[in-house]
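Biologist: Got a minute to go through this one with me? Put it up and I'll start asking.

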Amino acid sequence: MTQGVKNNASSSVDLKSAPKKEKDYSQYFVGTAPSMKDAKKRTKNGIAYNEFEGIADDLRELGKGRTFLIRTYGCQANEHDTETITGLLQAMSFEATEDEREADVILFNTCAIRENAEDKVFGELGRLKHLKKEKPELVLGVCGCMSQEEAVVNRILKSYQHVDLIFGTHNIHRLPVLVRDAFFNKEMVVEVWSKEGDVVENVPKVRKEGLRAWVNIMYGCDKFCTYCIVPYTRGKERSRRPEDVIAEVRDLARQGYKEIFLLGQNVNAYGKDFTDIEYGFGDLMDEVRKIDVPRIRFTTSHPRDFDDHLIEVLAKKGNLVEHIHLPVQSGNSEVLKKMARKYTREHYLELVRKIKEAIPDVVLTTDIIVGFPGETEEQFQETLSLVEEVGFDSAYTFIYSPRHGTPAAGMEDNVSEQEKKDRLQRLIALVNRLGREKNEALRGQVLELLVEGPSKNNPEMMTGRTRTNKIVHFKGSEDCIGQLIHVKITEPQTWTLYGEVVAKVEV
Ligand code: 5AD
Ligand code: SF4
């Protein structure tokens, strides 16, 4: 058996002794295999706050002369986890490469939110089978949300035996030991913890960008929306201590970062798990707004926990930008109930009214699912009318994708695929029209931009973002990268805006 993975919630699998036709591989795991059932449990146990124990001396040189490549799928939580994985690998002396053929370690940091995200990863794993054959010493790993699903791990064990390493979202800090095991053992190394989760502080990380930085304020989700796999893959809601978050934001400000993105699956539940202090997301925002950094954003909000105190604090503006991503999912109260969103259409609209009253120039964006099991045409029409009524600037729109083990996957679904696609198209058309109208209203206005760099499609143009996260292209030189400037909007389009420089902003 593999050394270093003998944790009571970990496992190593000797494929040579595993009968090939066996469907249930759980018997080959030491302790528990990934289990959606265990992952669902929520106990009254407090949250353990652990310090990263460091990297053992003998692992610090393991990566010398070796390179790694990480492919990241999904949301910002995954992007940020990739920064932690990068930090750990670099602390082990591995160097980053973009060249698949050169890499000694290739990791897929995966997303489980919809089936097509998973299909992509399986496609990539299949594609890399040849490379692994040519280069047997390559360590091919899968981590992120898909690793937390037992069905996925079993499928990898059955059909993707060229994979060397599987680890989950709760044990990223164990990567040094796991990578060592993957290098030195012939068996697949599998370590997935199906548990509520802890908070581990001070794990090394290497941030990808020099301008914008993600900061986790909490992990996990307890909302259990009936369609969603996140509470199973990311554990229970657990907040980082405010002093740790604030210290990290201060440090990033000192390092010159211009925009801080506070992250959580449901940031509005921040602090609800503290037993010793009364401290919520509004309190945290009220603290970080005093830090000398030009912009602070957050994602994602849940309408149910969005309270008046937070609205009051956001209305103070300053470095708190006037953009709120507020997923609605559906405009029909019956569907919302079946989704277990725990708010109604009316509640959502009332929240929007309050936000707009306090922050008149707020930009609202959202997530919407169409074709939830049993959704009728009339119910879908209510989604369209809510979108129109709120006047979102943009929206992420999805066709419902059944996720194995979630309650909605067992609901009767009588909406045809064609109908779902048709609804999505109608919704996208509406969202695009509203986006165009919103952008058109910005024509002639002067907006503050944080300049990111040359435009991807036209190197003669520079690109920046407004406080409301809209992309603006303008003629300018590279010396304004990282600066805040003012541009006048000359040519608004549906997705992007064009403008010309008016002035730099002193910060
Ligand atoms: N099918 C389709 N969309 C989903 N989302 C979450 N789970 C599913 C699913 N099973 C969407 C929600 C969420 C966003 C991140 O992904 O809209 O807000
Ligand atoms: Fe998923 Fe709902 Fe939690 Fe968002 S709030 S992560 S949609 S369960």
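Biologist: How far apart do the C-alpha centres of domain 2 and domain 3 lie?
Modeller: This is a predicted model, to say that up front. In it, 27 Å separates the C-alpha centres of domain 2 and domain 3. The contact draws on 12 residues from domain 2 and 12 residues from domain 3.

Biologist: And how much area do domain 2 and domain 3 bury between them?
Modeller: About 920 Å², with 49% of it on carbon and sulfur atoms. On the domain 2 side, 53% of the area buried against domain 3 comes from L211, R212 and R295, more than from any other three residues.

Biologist: What's the salt bridge count between domain 2 and domain 3?
Modeller: Two salt bridges. R212 also has a salt bridge with E452, side chain to side chain, at 3.8 Å from N to O. As for polar contacts, eight residue pairs link domain 2 and domain 3, both residues at pLDDT 80 or more. The side of domain 2 that touches domain 3 has six charged, two polar and four nonpolar residues.

Biologist: Back up a bit, where do the domain bounds fall?
Modeller: Domain 1 is 15-191, domain 2 is 207-321 and domain 3 is 446-504.

Biologist: New topic. Which residues surround ligand 2?
Modeller: From the 200s there's C221, K223, F224, C225, Y227, C228, V230 and P231. H302 and R341 complete the list.

Biologist: How do the residues of that shell divide by class?
Modeller: Around ligand 2 they split into seven nonpolar, one polar and two charged.

Notes. Residues are numbered from 1 along each chain as its sequence is written. Chains are lettered from A and ligands numbered from 1 in the order in which they are written. This is a predicted model: local features need pLDDT of at least 70, side-chain atom pairs count only at pLDDT 80 or more; totals for chains, interfaces and linings use all residues. Side-chain values use heavy atoms; hydrogens and water are left out. A residue is near a molecule or strand if one of its heavy atoms lies within 4 Å of it. Ala, Val, Leu, Ile, Met, Phe, Trp, Tyr, Cys and Pro count as nonpolar, Asp, Glu, Lys and Arg as charged, and the others, Gly among them, as polar. Domain bounds come from an automatic or database domain assignment. Contact means heavy atoms within 4.5 Å. Buried area is the accessible area (1.4 Å probe) that two parts lose on being put together, summed over both. A salt bridge is a side-chain nitrogen of Lys or Arg within 4 Å of a carboxyl oxygen of Asp or Glu. A polar contact is a pair of N or O atoms within 3.5 Å; within protein, one must be able to donate a hydrogen and the other to accept it, and residues adjacent in sequence count only if both atoms are side-chain atoms.
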